[in-house]
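This briefing goes with the structure shown below. Please keep the sequence and the 3D view at hand while reading.

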Amino acid sequence: MSERVIPIISQPLGNLPVPEILPADAWQSGQALRDQRNRPLRDLRISVTDRCNFRCSYCMPKEIFNNDYVYLPHSALLSFEEITRTAQSFIELGVEKIRLTGGEPLLRKNLEILIGQLAALKTLDGHPLDITLTTNGSLLARKAQALKDAGLKRVTVSLDGLDDTIFKRMNDVDFPVSDVLEGIEAAKAAGLGPIKVNMVVKRGTNEQEILPMARYFKGKGIALRFIEYMDVGATNGWRMNEVMPSSDILKLLQAEMSLMPLKASQAGETAERWGYLNEHGKHEEALGEIGFISSVTKAFCSDCNRARLTTEGQLYLCLFATQGYDLKPLVRSATDPKALTQAIAAIWAQRDDRYSELRVSEPMTDNDAAPSSTKRKVEMSYIGG
Ligand code: SAM
Ligand code: SF4
Ligand code: SF4
């Protein structure tokens, strides 16, 4: 299986006059921007590289992402200045939070420079941006302090178990757990908090790590979030019977720990939050919290306010999209920043995506693969998680 996987070809937007998509007066500066389902644009995820030093089987399986795989050439990547200019346009449309991702974002050289540039931007209300980063943690011990100094607020670290054999099998590059834990400690020491840890649960692969992970992070001031294994991309051979529903994970945890549901801290939050109860049955914040990201069994499309910008400047409106919009020509022409903002507004205004909601409405059986209508979905390592 050495089939070359080409990221989904995007719809070129550069030469498309914006009024063809949206009447020129349909969105004006200062006006609230809403998509077709009345969802605002608040959260921008920026992928800064399509490369990674891990080969997690659920994301960049080795058989496909091997030595023959052709990554984007450096000239195709948006420069830090171009990313910052694009981020500014998104902010004018209501974005308040930016998450840097990838591939592995810490592989992008001099990332601190980009973080410094983004940290200088202000939201429409004049507040600093909420800037965060999702990483596999492999380079975090080395980089945490520099990232903090540059203006990064917090990090999310992915870790799929505490058992070395299981974790190494999942990252498929023999990377040890201890180095990721060291990265988490370094992030904590640098003040990059509150820290979140993401664990993708694959039934039959790492479900035995659920309880050890919960025990380990309880009381450490770190939120542990369990992510249902998703049918993103087209290369991971996803099957429904490998998904462990959040409800099953919760049951497993509740057999040992007392938990209570917590209110969402903000609209559009991806995780359902649960807190620990102390021995008096009262919620105790200091014990930390657990989160569930149930993208397969419980859709949260109705308030999804997230847009995704790929490494080469394409805008995706949904994690499961089969097509993006090429912003690069507009970003690179740079003659009229308003044209870029208008284009993004136009694209957002006609957004109607709700992949998970539609999938949840069609019950799946154990052996089901991802719906065939979406076989050409964009890869997670390209679009960013
Ligand atoms: N390399 C970084 C990392 O692993 O944290 C950032 C990019 S990664 C694509 C972002 C997140 O997506 C990670 O937490 C990863 O576990 C998650 N992810 C990737 N493929 C997934 C899948 N098929 N199902 C659920 N989560 C997935
Ligand atoms: Fe790399 Fe993150 Fe994908 Fe794993 S999940 S292969 S660390 S991009
Ligand atoms: Fe948002 Fe798409 Fe996920 Fe629904 S499926 S929550 S629209 S990214």
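**Surroundings of ligand 3**

By class, the shell around ligand 3 is made of 7 nonpolar, 1 polar and 3 charged residues. The model is predicted. The points below cover this shell, the cysteines, a central topic on strand β3, and one loop residue.

- The residues that surround ligand 3 are Phe300, Cys301, Cys304, Arg306, Arg308, Cys318, Leu319, Phe320, Asp353, Tyr355 and Ser356.
- Two elements, β11 (306–309) and α10 (355–360), each give two or more residues to this shell.

**Cysteines**

- A disulfide is a covalent bond between the sulfur atoms of two cysteines.
- With a cut-off of 2.5 Å between cysteine sulfur atoms, the count of disulfides in this model is 0.
- Cys318, one of the residues around ligand 3, has a relative accessible area of 12% and is therefore buried, since buried means under 20%.
- Cys56 is also buried, because its relative accessible area is 14%.

**Strand β3 and its partners**

- Strand β3 covers residues 97–101, and 5 of its 5 residues are buried, so the strand is largely enclosed by the rest of the structure.
- In a regular strand the side chains alternate between the two faces of the sheet.
- On one side of β3 are Lys97, Arg99 and Thr101, on the other Ile98 and Leu100; all are buried, and both faces are thus covered.
- β3 pairs with strand β2 (residues 43–47) in the parallel sense, over 5 bridges.
- Within this pairing, Ser47 has Thr101 of β3 as its bridge partner.
- Strand β4 (residues 130–135) also runs parallel to β3, and 4 bridges join the two.
- Arg99 stands opposite Thr132 of β4.
- A right-handed β-α-β unit is formed by β2, helix α1 (residues 80–92) and β3.
- β3, helix α2 (residues 111–119) and β4 also make a right-handed β-α-β unit.

**Val173 in its loop**

- Where is Val173 found? Val173 lies in the loop between α4 (164–171) and α5 (177–190).
- Val173 has a relative accessible area of 33%, so it counts as partly exposed.
- Apart from its neighbours within four places in sequence, Val173 is in contact with Asn53, Phe54, Arg55 and Lys168.
- One of these contacts, Asn53, is 120 residues from Val173 in sequence, while the C-alpha atoms of Asn53 and Val173 are 7.8 Å apart in space.

Technical notes:
Residues are numbered from 1 along each chain as its sequence is written. Chains are lettered from A and ligands numbered from 1 in the order in which they are written. This is a predicted model: local features need pLDDT of at least 70, side-chain atom pairs count only at pLDDT 80 or more; totals for chains, interfaces and linings use all residues. Side-chain values use heavy atoms; hydrogens and water are left out. Buried means under 20% relative accessible area, exposed over 50%, partly exposed in between (1.4 Å probe, protein chains only). A residue is near a molecule or strand if one of its heavy atoms lies within 4 Å of it. Ala, Val, Leu, Ile, Met, Phe, Trp, Tyr, Cys and Pro count as nonpolar, Asp, Glu, Lys and Arg as charged, and the others, Gly among them, as polar. Contact means heavy atoms within 4.5 Å. Two strands pair if DSSP finds at least two bridges between them. A crossover is right-handed if, with the strands pointing away from the viewer, the path from the first strand over the helix to the second runs clockwise.
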